[in-house]
Amino acid sequence: MPVPVIGIDLGTTNSVVAVYDGSSFRVIEDPINGKLTPSVVSFHPSSEVLIGKPARERRLIDAANTIFSIKRLIGLPYKSPILRQARQRYPFKLVEGPADSILVRARTRSFTLPEISALVLGRLRKIAENELGETCTDAVVTVPANFNDLQRTATRDAARIAGLNVLRIINEPTAAALAYGYRSDKRERIAVYDLGGGTFDISVLDLAGEVFQVAATAGDPYLGGDDVDNMIAERMGKFFLERFRIDLSVQPDTYERLRVASEWLKCELTEREKALVYADDIARGDRGAPLDLEFELERQELEKMAFPLIGRSFDKCEEAMRIAGMRPAQVQRVILVGGSTRAPQVRKMVAEYFDQEPMTDLDPDLVVAHGAALQGHALVMARTKKRAAKERLAPASVSDAYSTEPLGYEQQPRYRPGDLDWVLTEDAAQEPITKVAARPAGVPTEPVPQPP
Ligand code: AMP
């Protein structure tokens, strides 16, 4: 049995690791984090490094040393306007490193952004190894379609620091399309609408026979479910202020509690029409008496609040449609990715915009890792096939045919369509994340073999 290649969706909010063994897809569950490992790292005073849920909980009490949403910044120069915005928003310190790079300060140390991401990747690698009982070094890692070369290289660096050999970096929308088993004889255009916790991406993919290409991408690095949580938290804070004349927003740790309660409430409202949240001892009143918060919200009210926010994602869709030179209704399929697309309001608005029901059969949180795992399996199969062919052609050099030389980015063999069932090519946008990119010149194409 060849050693499996793990598929990793390294997300802004959550990360997922999965494998595909040729017949079934399996998400590897972390005993602490479950299927979704929050992409959060916290540096504890005891010098322990917490990753995932335990780290996310530290945001409530130690926001300055708890690092999250690094994916928004990885590979960017310190002078980037996105970094300037982030410095105002993030409770942890971001400082200038050598050669215009960004460093994170936590406790008394500084870390590069790939070093932070490597801690999350290292955790995913470890749980995969524990579960599969073998060393897992080969991986396929996904990135947003509009990541430029520097962002891709920084992601690769993070993987290398985590002891992973990245066989291939693939675009998230392509991974999602792979998970849906996309292959088409005719020319087809599909849209991947990806609304996560902190970022929104829309991609239009062209499928033509054996080739996948990103026709257009657009996105907003500051649009996602977190914004909805903040809106609810503000509403809760206002409610508390009116009731008790205490402003909860001035204490970062208390505000964090409101935010957590808001996210819970939001997710409940995906399932039901009305929900109630209760947070005890959220503040102290006269003579130190503990004050509790009880807050009820209806789905209809939430949808009214969130409407302009979700509406912003369709401005980006318009941008992508303009680049792709088409109308929304001309898209043949729409795939939903990202936890926030579970919200009924999002699904309804997407259906209205594209004039069709989006595909929702696969879990929007896992679909990208699913595609990455499929890709990993395809690479293993291609490698096995190549070695077998080499062995047949040159029986005298069997050891060479079984060489352990990794299939690195630069060393990937150029498969001809006839070599495999089909070949998949990706265009990766070169522009910074805030700009729209469509098939920029000089973009490297990546031939990606499909599972047999
Ligand atoms: P992701 O970045 O794809 O991991 O998505 C995370 C976002 O999805 C967070 O803002 C979550 O609150 C949101 N989310 C997860 N589950 C649900 C749900 N059932 N309803 C609404 N939003 C959800």
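Visitor: Which element supplies the largest share of the shell around the ligand?

Guide: In this predicted model, the largest share comes from α7, with four residues; α6 (225-244) and α7 (252-271) each supply at least two residues of that shell.

Visitor: How do you know that N14 makes a polar contact with the ligand?

Guide: A polar side-chain atom of N14 lies 2.9 Å from an oxygen atom of the ligand, and since a polar contact is a pair of N or O atoms within 3.5 Å, the pair at N14 counts as one. By the same cut-off, a polar backbone atom of G197, 2.9 Å from a ligand oxygen, and a polar backbone atom of G339, 3.0 Å from a ligand oxygen, are in polar contact too. Taken alone the ligand exposes 510 Å², of which the protein buries 86%.

Visitor: What makes N14 and G197 part of the surroundings of the ligand?

Guide: A residue is near a molecule if one of its heavy atoms lies within 4 Å of it; 15 residues surround the ligand, and N14 and G197 are among the closest, together with E263, K266 and T270. The shell divides into nine polar, five charged and one nonpolar residue.

Visitor: Where in the protein is confidence lowest, and where is it highest?

Guide: On a pLDDT scale from 0 to 100, helix α11 (residues 398-401) is lowest at a mean of 32, whereas helix α9 (residues 344-354) is highest at 98. Over residues 396-452 the pLDDT is below 50, although this stretch has 148 contacts in the model beyond near neighbours in sequence. The mean for the protein is 85, with 86% of its residues reaching 70 or more.

Notes
Residues numbered from 1 in each chain as written. Predicted model: local features only at pLDDT ≥ 70, side-chain atom pairs only at ≥ 80, totals over all residues. Heavy atoms only, no water. Polar contact = N/O pair within 3.5 Å; in protein donor to acceptor, adjacent residues only side chain to side chain. Areas by Shrake-Rupley, 256 points an atom, 1.4 Å probe, with all protein chains shown as cover. Nonpolar A, V, L, I, M, F, W, Y, C, P; charged D, E, K, R; others polar. pLDDT = per-residue confidence, 0-100. Contact = heavy atoms within 4.5 Å.
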